[in-house]
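Open the model in your viewer and keep a selection tool at hand. The stops below can be taken in order.

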Amino acid sequence: MIQYQQFIFDSYSFNSKSGKLELNYQLDDSVKFTEKYFFDFPFADYDQPALDRALQLLFFLAGVSYYKTYLPPKVVIKSGQIDTHTADFLNKTYQKGLGEFFYVNKMDPRTPIKFPVNIDTLSPLTPQAEPQGLLVGLGGGKDSLVSVELLRSKQDLITWSLNHRPQLTPLVEQAGLPHAWVERTIDPVLLELNDQGVYNGHVPISAILAATGVAVAILTGCKDVVVSNESSASEPNLHYQGVDINHQYSKSIEFEKSFQRLIKHQLGDTVRYYSLLRPFTEIRIAETEKY
């Protein structure tokens, strides 16, 4: 297999008129990737500095899909600011979120991933307006529907989803709430490389969803990003080379608390993130669904 020495976070750009976001990555100066997002809903009068930090975080987290192809030893940041707190979060999320990937590819689950620090401290953000409202992610399963029904009596409730618009449209219509559609397009070069046999496997997709949800919350003027991860998501699936591996790490309470600390650090009081169903088991959620 070809050995690349650098994974480069090259640039990110957002067009507020078209609602399109582009995230650009490179392997050395050889292979280039562009991941695209389309935010297809009316935007509120959002806080630009807060949105930029949210998109920057999505830029860093979405890069894991491309980084994993060759696991270059060096991470290079050409766009975006990373202080020690942010670097520690990204290092941990990549390593633990790739736990199953390391297992499937027979790699050391302690493989170090080091994001470089390029700024001493982030300047604090002062919200331009007090956001309000609840943003609930819809994935099409029973868990997110339980969250919607538990919160339906609240004011300013909005749902959102990533991809699968044809399949989710009937559900969104039945829910009868304002909805924010987001489309994500993975670079076809990644799919070609997967077919050629590069390293492949599970990535912390719920971390990418979390960061996307924060961006959607800012664009819609919502305060709370509500997800529907239940208690068993925190349980490891296997023990490998002395390390507990959790296939759902980015749905776990450990990730949730880590992400909460990060967005507090990055965004102050602009946005909150939490799972409404964290105390519940799957059985309890199924029982709730009956009512």
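What follows is a tour of a predicted model, from ring pairs to a helix and then to a pocket.

**Stop 1: Phe9 and Phe60**

Begin with the aromatic side chains, which form 30 pairs in this model. Select Phe9 and Phe60: the two rings are edge-to-face, 5.5 Å centre to centre, with 75° between the planes. Phe9 belongs to strand 1 and Phe60 to helix 1, so this pair ties together parts of the chain that are 51 residues apart in sequence. Are these two residues buried or exposed? Phe9 has a relative accessible area of 0% and is therefore buried, the cut-off being under 20%. Phe60, at 1%, is buried as well.

**Stop 2: Phe33 and Tyr66**

Now select Phe33 and Tyr66. Their ring centres lie 4.8 Å apart and their planes meet at 40°, so the pair counts as tilted. Phe33 sits in strand 3 (residues 31-40) and Tyr66 in helix 2, and the pair links parts of the chain 33 residues apart. Phe33 is buried, with a relative accessible area of 1%, and Tyr66 is buried at 0%.

To see the surroundings of both pairs, extend the selection to Phe7, Phe9, Tyr12, Tyr25, Phe33, Phe59, Phe60, Tyr66, Tyr67, Tyr94 and Phe115, which ring pairs link into a cluster.

**Stop 3: helix 3**

Tyr94, a member of that cluster, is one of the buried residues of helix 3. Select residues 84-97 to show the whole of helix 3. Its 14 residues reach 19 Å from the first C-alpha to the last, close to the 20 Å expected at 1.5 Å a residue. Which residues of helix 3 are buried? They are Thr86, Ala87, Phe89, Leu90, Asn91, Thr93, Tyr94 and Gly97. Show next what covers these buried residues: the cover includes strand 1 (6-15), helix 1 (48-62), helix 2 (64-67), helix 4 (99-104), helix 8 and helix 9.

**Stop 4: two residues of helix 9**

Go on to helix 9, residues 253-267, and pick Gln266. Gln266 is buried, with a relative accessible area of 4%. Leaving aside residues up to four places away in sequence, Gln266 touches Arg53, Thr86, Leu122 and Leu125. Of these contacts, Thr86 was met at the previous stop as a buried residue of helix 3.

Glu256 is also in helix 9. Glu256 is buried too, at a relative accessible area of 6%. What does Glu256 touch, not counting residues up to four places away in sequence? The contacts of Glu256 are Tyr273, Tyr274, Ser275 and Arg278.

**Stop 5: the largest pocket**

Finish at the largest pocket, which holds about 690 Å³ of space. To centre the view there, select Gly137, Leu138, Gly139, Leu209 and Lys251, which lie nearest the pocket centre among its 28 lining residues. The elements that give two or more residues to this lining are helix 5 (142-151), strand 6 (157-162), helix 8 (205-220) and strand 8 (224-227). Which element gives the largest share of the lining? Helix 8 does, with 5 residues. Helix 8 is also part of the cover over the buried residues of helix 3. Colouring the lining by residue class shows 12 nonpolar, 12 polar and 4 charged residues.

How values were computed. Residues are numbered from 1 along each chain as its sequence is written. This is a predicted model: local features need pLDDT of at least 70, side-chain atom pairs count only at pLDDT 80 or more; totals for chains, interfaces and linings use all residues. Side-chain values use heavy atoms; hydrogens and water are left out. Helices (H or I, at least four residues) and strands (E, at least two) are DSSP runs, numbered from the N terminus. Buried means under 20% relative accessible area, exposed over 50%, partly exposed in between (1.4 Å probe, protein chains only). Contact means heavy atoms within 4.5 Å. On a 1 Å grid over the protein atoms alone, a cavity is a set of points where a 1.4 Å probe fits but cannot get out, and a pocket is an open set with protein on both sides within 12 Å along at least five of seven lines; lining residues have an atom within 4 Å of a point. Grid points are joined across faces, edges and corners, and a volume is the space filled by probe spheres set on the points. Ala, Val, Leu, Ile, Met, Phe, Trp, Tyr, Cys and Pro count as nonpolar, Asp, Glu, Lys and Arg as charged, and the others, Gly among them, as polar. The expected span of a helix is 1.5 Å times one less than its number of residues. Rings of Phe, Tyr and Trp (its six-membered ring) pair if their centres lie within 6.5 Å; planes under 30 degrees apart count as stacked, over 60 as edge-to-face and the rest as tilted.
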